[in-house]
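Work through the exercises below with the sequence and the model at hand. Try each task before reading its solution.

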Amino acid sequence: MVAPNADDMPETPPRAGDRPAAAQAPFHQGQLDVLCAVYAVVNALRSVHPLGIGQARRLFNEALLDLARDADGLRAVLYNATDHVALVRAVLDRASRDVADLRMTRPFADAPALRVTGRMGPDSSDGQRRSGRGNPAPDATPQPTARAVWEALAGWLSGGAGRTAVLRFHRYLPFRGDPVISHWTAAGLLLGDTLFLHDSSREPNAVHSIERGGFVTAPEHLSDDRLLLVEPRCLHLIEVNG
């Protein structure tokens with residue numbers, strides 16, 4: 001889980017009267033890294049497969065060693081300059097070799113990348129703009145609807161005990177143009193119109209469930225009662241074979 005532009009913010013010099021560094025709350029695991037995509041895959045597998053901590057640690061370590069062989073890819077991940085889709089695929093490929101035979105599909109792989117930062121409004125997908133990190137902005141192709149994403153996810157999860165999913169969402173606050181959190185997570189239990197997440201975050205404001213009508217799939221559809229944006233192209237449906 002990561003605030004998109006947190007690494008771009010300069011350090012604030014201490015002021016008179018501030019607590020000394022030794023008295024400040026310690027950082028907890030996850031605050032200094034942006035590896036929620038790896039945790040999402042590992043937790044998704046654990047929700048449908050007997051994955052112990054030793055095997056999970058080996059999968060985590062081997063995935064990072066694989067990533068370290070590509071210096072540019074590693075830098076992009078460490079500095080959150082990517083959507084982490086390639087990392088998710090790499091962890092899934094490693095898991096399919098080392099953990100269990102997996103089948104994976106991306107029902108909305110051809111959907112355009114979202115422009116999730118900047119002012120919200122009808123022009124937020126303007127293909128002539130560029131994203132805040134200097135990458136080309138997505139085109140204006142319509143996004144799959146929230147209903148289509150929910151039906152694909154719910155239909156998949158209800159199809160067998162060995163099925164799970166990983167997805168990426170962006171959480172906003174009212175009157176803010178940028179998401180406060182961008183995060184990869186694992187699907188957990190689907191009960192009625194609520195998807196409970198099998199999530200790694202222990203932040204006080206973490207998202208642990210998604211309601212059927214509680215999210216959107218395009219920035220221009222955000223509203224005060226729908227401030228969660230699920231990115232269709234990042235949805236991975238996973239099945240453990242055998």
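The exercises deal with strand pairing and salt bridges.

This is a predicted model, in which local features need pLDDT of at least 70, side-chain atom pairs count only at pLDDT 80 or more, and totals for chains, interfaces and linings use all residues. Residues are numbered from 1 along each chain as its sequence is written, and side-chain values use heavy atoms, with hydrogens and water left out.

**Exercise 1.** Find the bridge partner of L190 in β4.

Solution. Strands are DSSP runs of E with at least two residues, and helices are runs of H or I with at least four, numbered from the N terminus. Two strands pair if DSSP finds at least two bridges between them. Strand β3 (residues 181-191) and strand β4 (residues 194-197) have 3 bridges and are antiparallel. The partner of L190 is L195. In this hairpin 2 residues lie between the strands, and G192 has a positive phi near 60°.

**Exercise 2.** Determine whether R163 and E239 are buried or exposed, and state what their salt bridge ties together.

Solution. A salt bridge is a side-chain nitrogen of Lys or Arg within 4 Å of a carboxyl oxygen of Asp or Glu. The closest N and O atoms of R163 and E239 are 3.5 Å apart. R163 lies in strand β2 (residues 163-171) and E239 in strand β7 (residues 236-240), so the pair links parts 76 residues apart in sequence. Both R163 and E239 are buried (under 20% relative accessible area; exposed is over 50%, partly exposed in between; 1.4 Å probe, protein chains only).
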